[in-house]
Amino acid sequence: MASSLLPAFAVRRGEPVLVAPAEQTPRETKTLSDIDDGEGMRFYSSGIHLYRANPDKQGVDPAAVIREALARALVPYYPLAGRLREEAGRKLVVDCEAQGVMFVEADVDLTAADFGDVQSPPFPCFEQFILESTTVAGVEPVIDRPLLYIQVTRLKCGGFIFGQRFCHCVADAPGGMQFEKAVCELACGAAAPSITPAWGREMFMARQPPQPTYQHLEYSEPAGGSVDRMLTTPPGDVARVPFFFGPREIAGLRQRAPPHMSRSSRFELVAACIWLGRTAALGYGADEEVRLSFIVNARGRRDVPLPEGFYGNAFAYSVAATTAGELCAGGLGYALELVKKAKSAVTYDYLLSVADLMVLRGRPLFALSRTYIVSDVSHAGFKSVDFGWGEAVYGGPAKGGEGPIPGVTNYFSRSKNGKGEESTVVPISLPKDAMDKFQLEVEGLTAEI
């Protein structure tokens with residue numbers, strides 16, 4: 001587990017600078033897709049990588065290596081050095097004028113060992129290791145701001161921490177990883193990235209005229225009921241506990257699944273389990289609608305002909321919905337059935353329907369009330385990001401979830417439990433009085449029969 005108490009420390013940041021592409025790049029305006037510029041994409045996603053010292057790199061400054069590689073990577077990925085501008089209908093475009101990404105060097109009197117065995121987000125004291133921009137009325141704007149913020153913090157042991165914040169409008173998790181690996185390849189001596197980036201945003205533009213062909217519950221509030229306590233509980237009254245779903249827990253879930261669903265994926269089992277347990281623990285009324293909303297990646301699907309090297313947003317939120325009473329009465333099998341149905345609903349036509357909805361409804365934010373939102377990043381390959389110092393000790397999200405309300409959104413990531421077994425880890429946030437009940441619900445669902 002990660003060290004719960006780091007020694008007292010102070011990060012000494014230098015002056016942030018803009019890093020522009022190392023060579024001349026096209027000056028043009030590029031249009032984002034109608035999936036890219038929804039309200040739910042207008043934020044910065046944060047990630048952290050922790051590296052030990054490498055004896056072969058003694059005397060080499062990781063900040064200088066990364067800064068040089070970053071400037072070279074921005075040549076083929078030049079839109080990332082631009083700025084967002086909003087046009088009529090809240091449509092976002094990127095003005096590519098080589099303005100640059102924000103970069104800062106820092107130092108801290110800590111060692112990689114001080115962080116312990118970090119296995120899951122949130123990363124300890126992550127706020128100190130990522131570079132944030134100024135907020136306006138508590139909200140961080142994305143328009144006319146750098147699209148990428150990077151902080152490299154040197155550790156006294158010779159290791160370092162790489163912290164990045166990516167504007168989600170221009171890249172999803174796989175797209176961001178594609179860019180980071182390009183920086184890594186250049187930092188390790190490659191002449192050019194192995195993957196040539198492709199813009200391809202025309203793939204996800206609204207049809208003319210826009211005609212949504214699906215209901216898209218993800219963009220409408222659930223019917224009836226009282227105010228969701230997850231939206232009103234003060235942060236000080238919220239408990240945060242990481243839950244590990246290793247071989248034993250997955251076996252227990254498979255045993256409780258109906259025979260025809262026993263081969264469900266790890267994601268499906270864990271998502272159904274948490275949605276069921278969370279609904280019971282929060283005590284929603286039997287007639288209140290509850291939802292599980294999760295990201296379905298369109299990459300690799302035969303009906304979504306993405307160009308090789310595409311790094312934009314290529315996913316949609318899909319929703320499983322029912323009443324709290326029906327979910328709790330139906331148990332794990334019913335929850336699994338709803339998850340599978342929602343997962344299979346995402347097709348290329350579904351993505352185009354989302355794009356149509358965005359244009360017609362002013363690019364709305366997804367619903368939050370009585371909704372549990374999940375992003376599975378367990379296969380993103382965060383730990384494989386290697387700038388030449390070897391595999392990261394920790395690589396993954398900086399936070400347990402994104403957004404201003406703890407517990408509404410969650411990352412599923414891959415790590416090892418206390419026994420060293422490969423596990424799915426989910427950092428759960430719930431009102432303190434609901435956490436104990438949730439733990440009992442999960443234990444009951446995962447105990448082997």
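Good morning. I begin with the sheet of six strands, an open one in which the order runs β10-β16-β15-β13-β11-β12 and the pairing is mixed. Please bear in mind that what we are looking at is a predicted model. At the edges of this sheet stand β10, residues 238-245, and β12, residues 315-323, and each of the two pairs on one side only. With direction ignored, neighbouring strands are turned against each other by 25 degrees on average.

Let me take one pairing from within this sheet. Strand β13, residues 371-376, and strand β15, residues 409-416, run parallel and are joined by four bridges. Which residue of β15 is the bridge partner of Ser 375? The partner is Tyr 411.

Next, the helix that meets this sheet. Helix α4 lies across β10, β11, β12, β13, β15 and β16. Its direction is at about 20 degrees to that of β16, the strand of residues 422-431.

Helix α4, residues 266-282, also has a helical neighbour: its axis and that of helix α3, residues 247-256, come within 10 Å and cross at roughly 80 degrees. An angle of 65 to 115 degrees counts as roughly perpendicular, so α3 is roughly perpendicular to α4. On the α3 side, the contact is made by Ile 250, Leu 253 and Arg 254. On the α4 side, Arg 266, Leu 269, Val 270 and Cys 273 take part. Sorted by class, this contact has five nonpolar and two charged residues, with no polar ones.

I turn now to the second sheet. Three strands form an open, antiparallel arrangement in the order β3-β6-β5. Why is one side of β3 and of β5 left without a neighbour in the sheet? Both β3, residues 28-31, and β5, residues 83-86, stand at the edges with a single partner strand each, so one side of each has no neighbour there. From one strand to the next, the twist averages 35 degrees. Between β5 and β6, the latter spanning residues 92-96, the antiparallel pairing extends over four bridges. Within that pairing, Leu 84 has Val 94 of β6 as its bridge partner.

My last topic is internal space. Counting cavities of 30 Å³ or more gives five. The largest holds about 110 Å³ of space. Among the residues that line this largest cavity are Asp 34, Ile 35, Met 41, Tyr 219, Phe 315, Ala 316, Tyr 317, Val 354 and Phe 366. Two elements, β12 and α6, the latter being residues 348-360, give two or more residues to this lining. Which element provides the largest share of the lining? That is β12, with three residues. Strand β12 thus appears here again, having been introduced as an edge strand of the six-stranded sheet. By class, the lining of the largest cavity has nine nonpolar, two polar and one charged residues.

The second largest cavity contains about 50 Å³ of space. Its lining includes Leu 148, Ile 150, Phe 162, Gln 164, Phe 166, Phe 179, Glu 180 and Phe 387. The elements that give two or more residues to this lining are β8, residues 148-155, β9, residues 160-167, and α2, residues 173-187. In terms of class, the lining of the second largest cavity divides into seven nonpolar residues, one polar and one charged.

Thank you for your attention.

Technical notes: Residues are numbered from 1 along each chain as its sequence is written. This is a predicted model: local features need pLDDT of at least 70, side-chain atom pairs count only at pLDDT 80 or more; totals for chains, interfaces and linings use all residues. Side-chain values use heavy atoms; hydrogens and water are left out. Axes are lines fitted to C-alpha atoms, for helices over the stretch in contact, and angles run from 0 to 180 degrees between N-to-C directions. Angles under 35 degrees count as roughly parallel, over 145 as roughly antiparallel, 65 to 115 as roughly perpendicular and the rest as oblique. Contact means heavy atoms within 4.5 Å. Ala, Val, Leu, Ile, Met, Phe, Trp, Tyr, Cys and Pro count as nonpolar, Asp, Glu, Lys and Arg as charged, and the others, Gly among them, as polar. Two strands pair if DSSP finds at least two bridges between them. On a 1 Å grid over the protein atoms alone, a cavity is a set of points where a 1.4 Å probe fits but cannot get out, and a pocket is an open set with protein on both sides within 12 Å along at least five of seven lines; lining residues have an atom within 4 Å of a point. Grid points are joined across faces, edges and corners, and a volume is the space filled by probe spheres set on the points.
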